[in-house]
Amino acid sequence: MNAVVKLERHGDIGIVTVDSPPVNALSAAVRGGIFDCMKEAIADSSIKAIVLTCGGRTFIAGADITEFGKPPKPPGLQEVLVAMENSPKPIVAAIHGTALGGGLEVALACHYRVAVKEAKLGLPEVKLGLLPGAGGTQRLPRAVGPEMAVKMIVTGDPIGAAEALKSGLIEEIVEGPASGGEAFARKLIAEKRPLRKLRDDDSKLAAAKADISIFTNAVAALTKKARGLEAPFAAADAVRAAIELPFDEGLKKEREGFLKLVTSDQSKAQRYAFFAEREASKIAGVPDGTKPRKVERVAVLGAGTMGGGIAMSFANAGIPVTLIETSDEALKRGMGVMQKNWEATAARGGIPADAPAKRMALIDGKVGIENVKDADLIIEAVFETMAVKKEVFGKLDQFAKPGAVLASNTSYLNIDEIAKETKRPQDVLGMHFFSPANVMKLCEIVRAAKTAPDALTTAVAISRKIAKVPAVVGVCDGFVGNRMLAQRGKQSEKLLFEGALPQQVDAVVTKFGMPMGPFAMSDLAGLDIGWRSRKDRGIKSEIADALCEAGRFGQKTGKGYYKYEGGSRSPLPDPDVEKLIDETLQELGKKRRNVSDDEILERMMYPMINEGARILEEGIAARPSDIDVIWLYGYGWPIYRGGPMYWADSVGLKHIADRLSYYAKETNDPSLEPCALLKKLAAAGSTFASLAAPSKAA
Ligand code: 3H9
């Protein structure tokens with residue numbers, strides 16, 4: 001018994017309850033408490049069976065991540081689990097909330113498991129760059145079979161109670177965890193059921209033992225998308241050991257893999273990202289306890305690609321949406337696209353077959369802006385010009401109910417100016433979703449000068465509710481993400497004028513781990529938009545202009561910086577583009593030079609870091625980790641590199657500042673000079689991390 005774990009006696013059943021908010025993580029105190037309570041219950045002759053359950057919102061959600069990297073404190077989790085598994089009395093894990101990581105491993109060391117129907121069970125360690133390190137890779141395959149186990153372990157995605165029951169991971173679905181666990185324990189005693197130790201049960205391994213290709217094929221399919229990551233492969237190897245080695249040797253192999261990963265740079269970066277994501281929900285300068293406003297209905301203005309994606313995100317979370325267009329035709333088109341998207345996901349098995357109809361039923365399509373009147377949150381996703389936005393917000397002021405939060409999905413426009421069109425600037429903010437909005441997780445929440453604290457907390461809370469990752473930013477052109485991206489865009493364009501080819505630049509960026517290079521991305525977005533805007537502003541970009549003049553607008557015309565054959569989306573290098581670049585450079589009297597991959601990487605990344613530092617200097621982002629979150633979830637920054645500011649610290653700020661100064665002179669571009677903050681940190685041998693509260697994952 002200690003402050004976080006207690007043992008109670010309900011007749012001949014011992015109830016061990018863990019109560020360590022917020023998520024009952026397996027801190028040293030929790031491990032010690034479970035160990036002592038189990039020992040006491042086992043020694044107590046009046047107790048015939050033991051139930052392990054948790055107080056608060058969840059069963060144990062895993063090891064305490066803040067303890068990784070620090071000197072281990074006894075008892076180790078393995079030691080606790082061995083004592084439980086060897087108990088002569090049956091132990092039942094009674095699960096509610098999320099049994100994750102070490103939490104599920106504790107449950108797997110129990111002899112039986114029951115769960116409430118809302119419970120989720122999983123081994124998400126790979127998402128932290130780890131593998132399950134307390135027997136999960138050995139016991140889960142024995143519980144559910146190696147194919148399903150490796151899927152759960154390599155993807156890290158949890159399963160629900162119904163699937164857990166079907167697969168044999170739990171014995172029963174119960175009403176309440178503690179009462180259900182107790183009733184189940186009584187049944188065990190009455191029926192004199194034997195102890196079930198997963199370690200001794202190889203029955204579900206037989207098929208894979210006979211033919212390992214069952215397993216290796218499953219792994220090959222699962223790791224296809226794990227480019228650059230170490231943990232999914234190491235985790236699959238550990239599961240393979242469950243098939244090929246005796247239990248204890250498998251455990252040893254798992255331990256070795258875990259210890260290697262826990263000290264790896266990748267896992268450190270992924271653990272940093274875990275806490276950065278949670279930190280980003282804490283809004284600097286908002287009084288503690290500021291309650292979000294109630295949001296029961298959302299209105300989305302515009303059923304185009306962005307508006308449709310945003311509406312889908314809300315419906316996916318069960319929130320009713322009024323989707324508003326200016327004509328029946330546009331509305332019908334938008335609704336049709338949503339329906340098709342959901343049906344395609346259902347056909348792939350991504351959502352249940354009846355989900356498309358259920359989700360469409362949550363979307364109420366309407367023509368006319370006056371239909372915003374019932375919404376608690378209104379998000380406009382109309383045409384991206386200031387004049388149109390101003391007109392829309394002027395009208396919203398007339399029709400929106402008092403207290404409704406009025407959000408613009410603009411990706412760069414000034415929210416303060418937009419807010420002036422209303423008599424309620426305190427309710428106005430930006431909610432910048434990323435395309436495709438139903439898939440991308442980031443929502444940049446733009447705080448304008450007069451935005452009220454509770455409007456901000458509303459936007460943050462609702463973003464989390466629809467499974468987005470919110471990050472609060474200030475008003476500036478392009479906010480955080482696109483403002484930094486513009487620096488990369490400038491450099492990628494310049495590199496073409498110096499001799500690099502689109503495919504060379506893109507290859508460096510994708511090798512680094514980004515999902516796409518700048519030129520493939522431009523082809524996807526369409527080159528004609530920038531071309532038209534340059535023409536309007538009287539600006540030239542000779543290579544991009546020449547491509548557009550040749551009708552190469554990107555993927556939509558089958559040709560851009562690359563060619564796309566037979567309607568494919570795969571970019572293929574095109575000799576015609578190289579010729580066009582050569583000719584353009586000749587006309588400009590420029591010579592191509594050999595640009596190294598190292599130079600490309602530095603010029604792609606360092607100017608973005610410099611802009612990130614300027615963003616911090618100006619207070620547009622409150623913390624370097626917020627910038628990292630924006631890049632991780634809005635732009636596909638590789639999670640194992642933590643985010644641009646985290647990565648910059650690992651490279652060394654002095655090196656980055658020196659190289660920026662070098663390129664500023666070499667390319668005659670004073671804007672590349674390191675900003676004051678970067679210079680200061682570099683001179684002090686310091687880091688961006690030093691600007692923030694110390695990370696929990698230190
Ligand atoms: C593992 O188990 C390794 C083992 O195999 C081997 C061991 C030998 N530790 O997310 P929330 C904090 S690896 C410490 O906002 P939600 C979190 O930082 C672990 N702290 O709540 C936050 O703090 P704050 C495998 C943790 O309701 C607060 O709890 N397990 C941990 O949206 C609330 O979190 C995982 O990877 C932790 N394990 O979601 C599960 N978990 O309020 C990780 C949370 O100060 N956790 N905190 O910002 C989750 O996925 C979600 O937190 C969960 C709740 C779904 C549980």
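A residue counts as buried here when its relative accessible area is under 20%. Keep that cut-off in mind as we walk through this structure, which is a predicted model.

Let's start with helix α29, which covers residues 676-683. Its buried residues are Leu-677, Leu-678, Leu-681 and Ala-682. Look down the axis of α29 and you'll find these buried residues within an arc of 130 degrees, so they line one face of the helix. Flip to the other side of α29 and you meet Ala-676, Lys-680 and Ala-683, which are exposed. And what sits over the buried residues? The cover includes α25 (597-617) and α28 (653-666). Just past the end of α29, Gly-685 has a positive phi of about 65 degrees.

Now for the other end of the chain, where there is an open sheet of 6 strands. The strands run in the order β1-β2-β3-β4-β6-β9, and the pairing is mixed. At the edges stand β1 and β9 (172-174); each has a single partner strand, so one side of each is left without a neighbour in the sheet. On average, neighbouring strands of this sheet are turned by 25 degrees against each other, ignoring direction.

Here are two of the strand pairings, side by side:

| Strand pair | Sense | Bridges |
|---|---|---|
| β1 (residues 5-10) and β2 | antiparallel | 6 bridges |
| β2 and β3 (residues 49-54) | parallel | 6 bridges |

You can pick out single bridges too. Glu-8 has Ile-15 in β2 as its bridge partner, while Val-16 is matched with Leu-52 in β3. Helix α1 (residues 28-43) packs on the sheet, touching β1, β2, β3 and β4 (91-95). The direction of α1 makes about 25 degrees with that of β1. As for the link between β1 and β2, they form a hairpin with 2 residues between them, and Gly-11 in the turn has a positive phi of about 60 degrees.

Let's zoom in on one residue of β2 (residues 13-18), namely Thr-17. Is Thr-17 buried or exposed? With a relative accessible area of 13%, Thr-17 is buried, because the cut-off for that is under 20%. Leaving aside residues up to four places away in sequence, Thr-17 touches Val-4, Val-5, Lys-6, Glu-8, Thr-53, Cys-54 and Gly-55.

Compare that with Met-521, which sits in helix α21 (residues 518-525). Met-521 is partly exposed, at a relative accessible area of 29%. Among residues beyond four places away in sequence, Met-521 touches Leu-485, Arg-488 and Met-516. Met-521 and Val-51 are 470 residues apart in sequence, and their C-alpha atoms are 54 Å apart in space.

Time to step back to the whole chain. It is divided into domain 1 (5-194 + 202-262), domain 2 (298-477) and domain 3 (500-587). Between the centres of domain 1 and domain 2, taken over C-alpha atoms, there are 40 Å.

Which residues have the most contacts inside the largest nonpolar core? They are Trp-631 and Phe-688, in a core of 98 residues. The biggest giver to this core is α25, with 9 residues. Domain 2 and domain 3 both give residues to this core, so it lies between them. Trp-631 touches residues including Gly-481, Met-484, Leu-485 and Trp-637. Apart from this core lies another one of 84 residues, among them Met-38, Ala-49, Ala-161 and Phe-215.

Methods. Residues are numbered from 1 along each chain as its sequence is written. This is a predicted model: local features need pLDDT of at least 70, side-chain atom pairs count only at pLDDT 80 or more; totals for chains, interfaces and linings use all residues. Side-chain values use heavy atoms; hydrogens and water are left out. Helices (H or I, at least four residues) and strands (E, at least two) are DSSP runs, numbered from the N terminus. Buried means under 20% relative accessible area, exposed over 50%, partly exposed in between (1.4 Å probe, protein chains only). Contact means heavy atoms within 4.5 Å. Two strands pair if DSSP finds at least two bridges between them. Axes are lines fitted to C-alpha atoms, for helices over the stretch in contact, and angles run from 0 to 180 degrees between N-to-C directions. Domain bounds come from an automatic or database domain assignment. The arc is that of the directions from the helix axis to the C-beta atoms. A nonpolar core is a set of buried Ala, Val, Leu, Ile, Met, Phe, Trp, Tyr and Cys residues joined through side-chain atoms within 4.5 Å.
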